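Here are my notes on this one, jotted down as numbered points. Have the model open while you read.

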Amino acid sequence: MHITEGFLPPAHAVAWGVASAPFVVHGVRSLTREVREHPESTLLLGASGAFTFVLSALKLPSVTGSCSHPTGTGLGAILFRPPIMAVLGTITLLFQALLLAHGGLTTLGANAFSMAIVGPWAGYAIYRLLRRYDVPLMIAVFFGAFVADLSTYCVTSVQLALAFPDPSSGFMGALGKFGSIFAITQIPLAVSEGLLTVLVMRLLVQSSKGELTRLGVLLGRQGSRDETEAVAR
């Protein structure tokens, strides 16, 4: 998903940076408030960021100028909400650009918009919708992570198609080409990420029930007991 350094035209790179900035600023405020009011959450915040960093560093060759990989943003969005994930995801992208030459500084805004903003919001929206209709936690977690991953690549396809429209079929033709190439690797990766996120959430339900209850993932004392029993089954 990470668009390579210098691959986007300068005007596109700037535009995506401007579009991402308000979400990241809002996320910084949310993150600061979370740490100030609940300092005990720092360990889980760090784990969420590390989960994103590790998964999104596992890249596979894909579209020229980009790549395929899991994103890891669904877990953090479910736990701490999308605004905080915008910050964690952007920090992840920045460190990967500087330390791993994965992505880039000029494309940071575009990569942040797709992976740290749209992905978490889309995944969280699906998760909340399913939970509202009493879908079991782990099924909602799976689809939240799946959609967060897949929507990231949909946005990346749009970004590349806007920057490099097909000479004959224009934007829609380019979008179809980029999207179809991404789909070969990304759909299996999204399924794998959903399953891995469920595994991590199962471990958290067993080890961090109090924190998950405070964050609203588990529904109070009785809800926590019910979810734990569901996991055990």
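1. Which residues is E34 in contact with, leaving aside its neighbours within four places in sequence? Keep in mind that this is a predicted model. The partners of E34 are P39, S41, L45, F80, I84, R214 and L215. E34 itself sits in helix α1, which covers residues 10–37. With a relative accessible area of 13%, E34 counts as buried, because the cut-off for that label is under 20%. So we have a buried glutamate here, and R214 is one of the residues it touches.

2. Stay on helix α1 for a moment, since H26 is placed there too. Unlike E34, which is buried, H26 comes out as partly exposed, at 44% relative accessibility. Have a look across from H26 to V87: the two are 61 residues apart in sequence, yet their C-alpha atoms are 8.8 Å apart in space.

3. Now the overall layout. The chain has nine helices and two strands. Reading from the N terminus, the order is α-α-β-β-α-α-α-α-α-α-α, so the two strands follow the second helix and come before the other helices. The radius of gyration is 18 Å and the globule rule gives 17 Å for 233 residues, so the chain is as compact as a globular protein of that length. If you want a box for it, the C-alpha atoms fill roughly 60 × 35 × 30 Å along the principal axes.

4. How much of the chain is buried? Buried residues make up 51% of the 233 residues. Among contacts with a separation of 6 or more, 74% are between residues 24 or more positions apart. The accessible surface comes to about 10600 Å², and carbon and sulfur atoms hold 71% of that.

5. On charges, I get 15 positive and 12 negative side chains. The centres of the two sets lie 4 Å apart.

6. The record is worth a look next. In an unreviewed entry, UniProt lists "transmembrane region" for residues 41–58, 79–102, 108–127, 139–161 and 181–205. I checked two of these spans against the model. Residues 139–161 are 100% helix and 0% strand, with the end C-alpha atoms 33 Å apart. Residues 181–205 are likewise 100% helix and 0% strand, and there the end C-alpha atoms are 37 Å apart.

7. L75 is a good residue to zoom in on. It belongs to helix α3, residues 73–80. Is L75 buried or exposed? L75 is buried, because its relative accessible area of 3% falls under the 20% cut-off. Not counting residues up to four places away in sequence, L75 touches F51, T197, V200, M201 and L204. The C-alpha atoms of L75 and L196 are separated by 9.9 Å, although the two residues are 121 apart along the chain. Note that T197, V200, M201 and L204, which L75 touches, fall inside the 181–205 span that UniProt lists as a transmembrane region.

8. Two backbone spots deserve a second look. R81, in the loop between α3 and α4 (82–99), has phi near 80 degrees, a positive value in a residue other than glycine. A101, in the loop between α4 and α5 (108–132), also has a positive phi, near 55 degrees, and is not a glycine either. In terms of cover, R81 is partly exposed at 29% relative accessible area, whereas A101 is exposed at 62%.

9. Last, two residues of helix α5. A125 lies in that helix, and so does L129. A125 is partly exposed, with a relative accessible area of 45%, and L129 is partly exposed as well, at 46%. Where do they stand relative to earlier parts of the chain? A125 and I78 are 47 residues apart in sequence and 9.3 Å apart in space, C-alpha to C-alpha. For L129 and F80, the C-alpha distance is 16 Å, with their positions 49 residues apart in sequence. F80 also turns up in point 1, as one of the residues in contact with E34.

Notes
Residues numbered from 1 in each chain as written. Predicted model: local features only at pLDDT ≥ 70, side-chain atom pairs only at ≥ 80, totals over all residues. Heavy atoms only, no water. UniProt positions renumbered as here; feature names shortened; annotations may be inferred. Helix = DSSP H or I, 4+ residues; strand = E, 2+ residues; numbered from the N terminus. Buried < 20%, exposed > 50% of the residue type's maximum accessible area, 1.4 Å probe, protein only. Contact = heavy atoms within 4.5 Å. Rg over C-alpha atoms; globule rule 2.2 N^0.38 Å. Areas by Shrake-Rupley, 256 points an atom, 1.4 Å probe, with all protein chains shown as cover. Lys, Arg positive; Asp, Glu negative; His and termini not counted. Charge placed at Lys NZ, Arg CZ, Asp CG, Glu CD.
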